[in-house]
Amino acid sequence: DLPKPANPIPFKKQEIAAFQQIIDDIIEGNNVMLVGGAGTGKTYLAENLVAKAALGRPHLTINCSQWTSPTEIVGGQTMDGYVEGKLIEAWQHGYVLILDELPKIDPNTAGLFNDALAKTRVPNATIFNSRRESFVKHDDFAVIATGNIYPDKESMSYGANNKQDLSLLDRFSGSVHYIEKNPAIERQIVQNEMIWSICDRIRDA
């Protein structure tokens, strides 16, 4: 079957330089990584402009940090019983999985993504949750990771970012996009020049 076409969005192509390439990468089954400074709109771009507006798909977001647990990724037992992981839910139901601030996750925990990310382009691929139950990939499953840095080294500018294993980074090879702040779109969203100016100064600080 041919991939579903993406929906048109109301922004001009030149306003987000890499936007069409990001969409093309996802349609082709590539894992996408968005790298840029704090406040440049990476998460907004992933959740709202790409997943919601352009692709028309639901999304699940994992807010990555040193405290991100395997339970949130592949499921596990909690005080309220077994909870399924967001990776499994997105994989099974065809959601866009957003790994927000991926470089902040513990590299050992990040290894739980490797099997799924290696199979994003494979039709009917199977992964397992923490109970070793198998799940077949939905055709619409996609992954977008965000981060302040490309996590192949430690960062002096951004604290709490970890150097990630090369096997994980290989899963995003060829689909890493660098995002800069975009005043044209930000002004459209805020629609108030004074508020935008204040927010821009706070971001710079």
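A helix here is a DSSP run of H or I at least four residues long, numbered from the N terminus. By that count, helix 8 covers residues 183–190, and V190 sits in it. Keep that residue in mind; we'll come back to it.

First, the overall picture. What you're looking at is a predicted model. The protein chain has nine helices and nine strands, and of its 205 residues, 44% count as buried. If you take the contacts with a separation of 6 or more, 72% of them link residues 24 or more positions apart.

Now let's go inside. The largest nonpolar core has 27 residues, and those with the most contacts inside it are L87, L97, L99, L102 and F113. Several elements each supply at least two residues of this core, including strand 1 (32–35), strand 5 (96–100) and strand 8 (142–147). Helix 4 gives the most to this core, with four residues. For a feel of the surroundings, pick L102: leaving aside neighbours within four places in sequence, L102 touches M33, C64, F113, A145, T146, Q164, L168 and F172. Another core lies apart from this one, with 19 residues, among them L45, A51, V96 and I179.

Finally, the outside. The accessible surface of the chain comes to about 11000 Å², and 52% of that belongs to carbon and sulfur atoms. Back to V190, then: is this residue buried or exposed? V190 counts as partly exposed, because its relative accessible area is 34%. Together with Y44, I189 and I195, V190 forms a nonpolar patch on the surface, with about 330 Å² of accessible area between them.

Methods
Residues are numbered from 1 along each chain as its sequence is written. This is a predicted model: local features need pLDDT of at least 70, side-chain atom pairs count only at pLDDT 80 or more; totals for chains, interfaces and linings use all residues. Side-chain values use heavy atoms; hydrogens and water are left out. Buried means under 20% relative accessible area, exposed over 50%, partly exposed in between (1.4 Å probe, protein chains only). Contact means heavy atoms within 4.5 Å. Accessible areas come from the Shrake-Rupley method with a 1.4 Å probe; for residues, only the protein chains shown count as cover. A nonpolar core is a set of buried Ala, Val, Leu, Ile, Met, Phe, Trp, Tyr and Cys residues joined through side-chain atoms within 4.5 Å. Patches are made of residues with over 30% relative accessible area and no salt bridge: like charges are joined within 9 Å, nonpolar side chains (Val, Leu, Ile, Met, Phe, Trp, Tyr) within 5 Å. A salt bridge is a side-chain nitrogen of Lys or Arg within 4 Å of a carboxyl oxygen of Asp or Glu.
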